[in-house]
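Q: Got a minute to go through this one with me? I'd like to talk helices and salt bridges.

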Amino acid sequence: MNKRQGYVNLAALMATIALICGGIYLGVGAVKKGPEVRTPPSATPVWIGTWSASPVSAAPVTSAVGGPSGRAGRSVRNVVHTSIGGTAARVTFSNLYGTQPLLITGASLAVRAGDGAAAVAGTLRRITFGGAREATVGPGGQIVSDPVVLRIPYDGDLLISVHTPAPGGPVTTHPHAVQTSYLADGDLAQDESGDAFTTRIRSWHHITAVDVLTAQARGAIAAVGDSITDGVTATPDHDNRWPDVLADRLGGRYGVLNQGISGNRLLEYGRGPSTLERFDRDVLARPGGRTVIVAIGINDVLRAPHAPTAVDVTAGLTELADRAHARGWRVIGSTLAPCGGHPRCTPAADAERLKINTAIRTGGVFDAFVDFDRALRDPYAPRRLRPMYDSGDHLHPSDAGYARMGRAVDLSTL
């Protein structure tokens, strides 16, 4: 992976780490105050999200992807990609969809070496929870680890390994990761070589966020949406989703957090809870958050004959914007991309899509908008994706389409 940012001097910030982030536990630990440090705001390190993935569903304990908790004594090694770097990291572990307590007896964080499951020599660190090596997360709960002192690269891969020694019920996952992660038998969370991680999976297990301590980045931008934001048709393991392209353009100045869920709807439960239901948890709770890009609504429109109207969808988008504004966030909306040729994109459904796009373009809903419809449509058949941007199903973009989306965002609006 390309490492395009130099590391921040670690030793100079050790005291600050201990001062402002010690004792973070169960996701709600209070920040301990110390003597005032008279330094310019830009030199004060803060926690900002570098990666996240919304929890989506529970993997059955009998399935291959349910192995880490469903089959005793296994370890999962999640591979995640950073958007900003820092001098320490903390990891959020989730048991949101679990029905039994999740027992973690070993966890680690490392910088990934190459394209497999191996760690860069000397970077593997044990993850602790309130100073302990073990933690239990109750059904429906989550836990935030202690800070892990490690130079976190911008635009690099991290390995987050978790060992669960006994069956703990269904595993909370993000199933469409478009990223290969790994499984191994035994407690191998502290294994640097990665040789035993021979089983490959395409889902993230147990983890939902990584935050970094940084004085370099200016904040985080969240992208909330459906499968088009999730990047389900992007080439796996290449970080080609449109939020990845946006992160590359921002060059480590802002964290970019992908809160897309394949099949998600704005107004009602689809795949995972509706965006309205999960918005506070998945977006507004992200540390360092400043701006959200809202790219949702096409799955609502395509629900014929029970689809909501454009008026309903616009009202839902307005509610999202109002809630974000109340928390001090800037809100960028996106028009809905063309879907002509998809079996569910009937003339009636497409008419509602165009009405929603008109409402977004004319203002009054968002602070600004990115016109994904204009960016992706075929100039000779504007209700269809341009062929080079079409993955083949006439709904989801190709790699070239995702790249076009990431480039279409006007950075000045952020």
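A: Sure, here's a quick chat about helix 7 and some salt bridges; keep in mind that the model is predicted.

Q: How many residues does helix 7 have, and how far does it reach?
A: Helix 7 runs over residues 310-326, so to speak 17 residues, and reaches 24 Å from its first C-alpha to its last, close to the 24 Å expected.

Q: Which residues in helix 7 are buried?
A: Ala310, Val313, Thr314, Gly316, Leu317, Leu320, Ala321 and Ala324. They sit on the same side of helix 7, because they cover an arc of only 160° around the axis.

Q: And what's exposed on the other side of helix 7?
A: Val311 and Ala326.

Q: What do the buried residues pack against?
A: Helix 5, strand 19, helix 6, strand 20 and helix 8.

Q: OK, salt bridges. Which residue does arginine 323 meet?
A: Glutamate 319, at 3.2 Å, N to O. The two are 4 residues apart in helix 7, which means about one helical turn separates them. Arginine 323 is partly exposed at 21% relative accessible area, and glutamate 319 is partly exposed at 37%.

Q: What about arginine 353, buried or exposed?
A: Buried, with 0% relative accessibility. Its salt-bridge partner is aspartate 350, at 2.7 Å, and aspartate 350 is buried too, at 4%.

Q: Any others in helix 8, say which residue pairs with glutamate 352?
A: Lysine 355, at 3.2 Å, N to O. Those two are 3 residues apart in helix 8.

Q: Which residues do shared salt bridges join into one network?
A: Asp350, Arg353, Arg361, Asp371, Asp373, Arg374, Arg377 and Arg383.

Definitions and conventions: Residues are numbered from 1 along each chain as its sequence is written. This is a predicted model: local features need pLDDT of at least 70, side-chain atom pairs count only at pLDDT 80 or more; totals for chains, interfaces and linings use all residues. Side-chain values use heavy atoms; hydrogens and water are left out. The expected span of a helix is 1.5 Å times one less than its number of residues. Buried means under 20% relative accessible area, exposed over 50%, partly exposed in between (1.4 Å probe, protein chains only). The arc is that of the directions from the helix axis to the C-beta atoms. Contact means heavy atoms within 4.5 Å. A salt bridge is a side-chain nitrogen of Lys or Arg within 4 Å of a carboxyl oxygen of Asp or Glu.
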